Amino acid sequence: MTDSNQQSPDAPDANALRQREIRSFVLRQGRLTSGQASAMSNLMPKYGFYLEQDWTSEFKRDVVLEIGIGNGDALIACAADDPARDYLGAEVHAPGVGRALLGIKANSLSNVRVFHGDAVVLLRKQVPNQSLAQINIWFPDPWHKARHNKRRLIQAEFVELLADKLKPNGVLHLATDWEPYADHMREVLEANNHFLALEGSAMDEIRNRRPNTHFERRGVKLGHGVWDLLYRKR
Ligand SMILES: C[S@@+](CC[C@H](N)C(=O)[O-])C[C@H]1O[C@@H](n2cnc3c(N)ncnc32)[C@H](O)[C@@H]1O
């Protein structure tokens, strides 16, 4: 069974996307396992978050948003480790969403939800301003080729949107295994006067709570370094 048979209402629609702006992902026809397919049908109603849902009635505690959860392992680990906060993971690819849903159930977690769709749309349409305690964007697609750099998620306009959505003192945690992207992230964040770079023990404390991710392990195997960049919203 493929993605197209398991569309959540907010899953990106190929026709609509063609007419939209440059996007940070390419929709691949990922194959769902039968377990993931059944999770998309049976667990999404319980653990999913949809665009038409009311944010304030769904989330009453501090919320951490992870953008681009991949296989969802880091999201599950963070939520299990931090029961006092609510976690929301956004991902466009159905197999990752299905896997995350299975992980939520297997770990009996009640503080994590998954949005199947474009995080840019979620942020613009549904996340109230000044509502997020933390945003994690770990190993976003680096779009290595110069002509594709414009597809990188971290861009001035997007970072401005993140600043709108974070609470004062909210944290933005970025990580990448691609040094030119780390340099680009730093430049974009330094140019935005809503953010202050965290350093020393303030940085280490948050950095050390980040679980290793699937893409991080892949990068490290290829001999890549890892750059964590942390900022606090002023
Ligand atoms: C390189 S992977 C990293 C996944 C995971 N964070 C990890 O480290 O293993 C980047 C992920 O971001 C997702 N992604 C890219 N742009 C996105 C967007 N605008 N909204 C939601 N997910 C997005 C991709 O589908 C992909 O799964």
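**View 1. Polar contacts hold our attention first in this predicted model.** A polar side-chain atom of Ser24 lies 2.7 Å from a nitrogen atom of the ligand. Asp118 also places a polar side-chain atom by a ligand nitrogen, here at 2.9 Å. With Phe215 the backbone takes part: one of its N or O atoms is 3.0 Å from an oxygen atom of the ligand. How much of the ligand does the protein bury? The ligand exposes 600 Å² when taken alone, and 95% of that is buried by the protein.

**View 2. Here is the shell of residues around the ligand.** Count along with us and you will find 18 residues surrounding the ligand. The closest are Ser24, Gly68, Glu91, Trp138 and Thr213, and Ser24 is already familiar from its 2.7 Å contact with a ligand nitrogen. Which elements give two or more residues to this shell? They are β2 and α11. By residue class, the shell holds eight nonpolar, seven polar and three charged residues.

**View 3. Stepping back, we see the largest pocket, where the ligand sits.** The volume of this pocket is about 1,100 Å³. Its lining is made of 44 residues, and those closest to the pocket centre are Arg28, Gly70, Phe139, Asp141 and Phe215. Phe215 is worth finding again, as its backbone supplies the 3.0 Å contact to a ligand oxygen. Sorted by class, the lining has 20 nonpolar, 15 polar and nine charged residues.

**View 4. Helices and strands both contribute to the lining of the largest pocket.** At least two lining residues come from each of the strands β1 (63-67), β2 (86-91) and β4 (132-138). The same holds for each of the helices α5 (73-81), α6 (94-106), α7 (119-125) and α11 (214-221). Which element supplies the largest share? That is α11, with four residues. Both β2 and α11 also give two or more residues to the shell around the ligand.

**View 5. The second largest pocket makes a friendly final stop.** Its volume is about 330 Å³. The lining consists of 16 residues, with Glu21, Ile22, Arg124, Gln155 and Phe158 nearest the centre. Two or more residues of this lining come from each of α7 and α8 (156-165). The top contributor is α8, which gives three residues. Helix α7 may ring a bell, since at least two of its residues also line the largest pocket. What classes make up the lining of the second largest pocket? There are five nonpolar, two polar and nine charged residues.

Conventions. Residues are numbered from 1 along each chain as its sequence is written. This is a predicted model: local features need pLDDT of at least 70, side-chain atom pairs count only at pLDDT 80 or more; totals for chains, interfaces and linings use all residues. Side-chain values use heavy atoms; hydrogens and water are left out. On a 1 Å grid over the protein atoms alone, a cavity is a set of points where a 1.4 Å probe fits but cannot get out, and a pocket is an open set with protein on both sides within 12 Å along at least five of seven lines; lining residues have an atom within 4 Å of a point. Grid points are joined across faces, edges and corners, and a volume is the space filled by probe spheres set on the points. Ala, Val, Leu, Ile, Met, Phe, Trp, Tyr, Cys and Pro count as nonpolar, Asp, Glu, Lys and Arg as charged, and the others, Gly among them, as polar. A residue is near a molecule or strand if one of its heavy atoms lies within 4 Å of it. A polar contact is a pair of N or O atoms within 3.5 Å; within protein, one must be able to donate a hydrogen and the other to accept it, and residues adjacent in sequence count only if both atoms are side-chain atoms. Accessible areas come from the Shrake-Rupley method with a 1.4 Å probe; for residues, only the protein chains shown count as cover. A molecule sits in a cavity or pocket if more than half of its atoms lie within 2 Å of its grid points.
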